[in-house]
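Work through the exercises below with the model open. Try each task before you read its solution.

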Amino acid sequence: MNPQPAGFPKLVLSERFTNAFDYARRLHTETRKKTAVPYLAHLLGVASLVMGEHGYLEFPVTEDMVVAALLHDAAEDHGGERRLADITVHFGANVAKMVEGLSDSLVEEGAPKAPWAERKYGYLKRLRDESPQVKLISVADKLYNARSLLADYLVEGPAIWQRFQRTQEDQMRYFRALLAEYERSGSNRLVREYARVLSELESALQKASGAE
C-alpha cells in the first residue's frame, strides 16, 4: 500500500498528545532493564513506529492510538486498574481500553505480579481477540524490544540474558509465539520487520552457540 491513499485523513496530533507525553514523562522515571537508557525512549520509540504506519494500513492511525502507544505500559507498571481509571479521565475510554489490551498485568503498584510465563502467555491468548489497532501497537512494542535486544546482544553477547528473569530459550519461544499470532491476524510492514529482526537475532544466537 502506498502512503496516504485517497480518503485517508491526515494524522494530526493535538494538545492531547503533548499532555500524554508529559503524563508518561512524569510517570516513567525508571530506566530500561538494568541499563542507563530512560524508559521514555522505549515509549517514544513505540509511538514513533505506530505513527510511521499511517497510510500503510487498511485503517488510519489515530491520535488515540499514538497516545495509547505512549501510555501502553502505564497501567501494567504503575497502578493497574487505578491507573486505567486515571487514563480514562485524562485521555478517554478508548485510550484506556487500548492500554488495557496492551497490559499483561493490572495489579496495584508494588503488589507482586503473576509468574512471567503466566502473564506473557495470558497476554498472547487475549491478543487474538483484540482490535487491529491494539495489535499494531503491540507489534510496535515487541519490534522495539527485539531490535534493542539484538543491538545489545551484538555488543554484550550472552551476558545480556542476566538482565532478564527468563532464559534465552524462554524469551525466543515467546517472541516466536507472538510473531505467529501477528501473522495469523494478517501481515503488515511492522510484522514483516519483526520477523526479519527475529531471524537476525536467531542467527546471531546460533552463530554464538556454534562458536562455543
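**Exercise 1: Place Tyr153**

Tyr153 has a relative accessible area of 6%, so it is buried (under 20% relative accessible area; exposed is over 50%, partly exposed in between; 1.4 Å probe, protein chains only). This is a predicted model, where local features need pLDDT of at least 70, side-chain atom pairs count only at pLDDT 80 or more, and totals for chains, interfaces and linings use all residues. Residues are numbered from 1 along each chain as its sequence is written, and side-chain values use heavy atoms, with hydrogens and water left out.

Task: find the helix that holds Tyr153, then list what Tyr153 touches.

Solution.
- Step 1. Tyr153 lies in helix α8. Helices are DSSP runs (H or I, at least four residues), numbered from the N terminus.
- Step 2. Leave out residues up to four places away in sequence; Tyr153 then touches Pro158, Ile160, Trp161, Leu201, Ala204, Leu205 and Ala208. Contact means heavy atoms within 4.5 Å.
- Step 3. Check a residue far along the chain. Leu27 is 126 residues from Tyr153 in sequence, and their C-alpha atoms are 28 Å apart.

**Exercise 2: Follow α8 to its end**

Task: compare the span of α8 with the expected one, then state what follows α8.

Solution.
- Step 1. α8 has 25 residues. The expected span is 1.5 Å times one less than the number of residues, which gives 36 Å for α8.
- Step 2. From first C-alpha to last, α8 reaches 35 Å, close to that expected value.
- Step 3. Gly157 follows α8, with a positive phi near 75°.
- Step 4. Pro158 sits in the loop between α8 and α9. Pro158 counts as partly exposed because its relative accessibility is 44%.
- Step 5. Pro158 and Gln168 are ten residues apart along the chain, and their C-alpha atoms are separated by 8.6 Å.

**Exercise 3: Describe two helix pairs**

Two packed helices are described by the angle between their axes and the distance between the axes.

Task: describe how α8 packs with α9, and how α5 packs with α6.

Solution.
- Step 1. Helix α8 (residues 132–156) and helix α9 (residues 168–185) pack at about 145°, with axes 11 Å apart. Axes are lines fitted to C-alpha atoms, for helices over the stretch in contact, and angles run from 0 to 180 degrees between N-to-C directions.
- Step 2. The crossing of α8 and α9 is left-handed: the near helix is turned anticlockwise from the far one by less than a right angle, whereas clockwise would be right-handed.
- Step 3. On the α8 side, the contact uses Lys135, Ser138, Val139, Lys142, Ala146 and Leu149. On the α9 side are Gln171, Tyr174, Phe175, Leu178, Glu181, Tyr182, Arg184 and Ser185.
- Step 4. Sort the residues of this contact: seven are nonpolar, three polar and four charged. Here Ala, Val, Leu, Ile, Met, Phe, Trp, Tyr, Cys and Pro count as nonpolar, Asp, Glu, Lys and Arg as charged, and the others, Gly among them, as polar.
- Step 5. Turn to helix α5 (residues 80–91) and helix α6 (residues 93–101): the angle is about 145° and the axes are 7 Å apart. Their crossing is right-handed.
- Step 6. α5 gives Leu84, Ile87, Thr88 and Phe91 to the contact, and α6 gives Ala93, Val95, Ala96, Val99 and Glu100. These divide into seven nonpolar, one polar and one charged.

**Exercise 4: Explore the core**

Task: which residues touch the most other members of the largest nonpolar core?

Solution.
- Step 1. A nonpolar core is a set of buried Ala, Val, Leu, Ile, Met, Phe, Trp, Tyr and Cys residues joined through side-chain atoms within 4.5 Å. The largest has 65 residues.
- Step 2. Leu71, Ile87, Ile137, Phe175, Leu178 and Tyr194 touch the most other members.
- Step 3. α8 gives the most to this core, with eleven residues.
- Step 4. Take Leu178. Beyond four places in sequence, Leu178 touches Tyr123, Leu124, Leu127, Lys142 and Tyr194.

**Exercise 5: Judge α3**

Task: why is α3 described as largely enclosed by the rest of the structure?

Solution.
- Step 1. Count the buried residues of helix α3 (residues 63–70): eight of the eight are buried, so α3 is largely enclosed.
- Step 2. Note that the buried set includes Glu63 and Asp64.
- Step 3. The cover over these residues includes α1 (15–27), α2, α5, α6 and α8.

Methods:
Helices (H or I, at least four residues) and strands (E, at least two) are DSSP runs, numbered from the N terminus.
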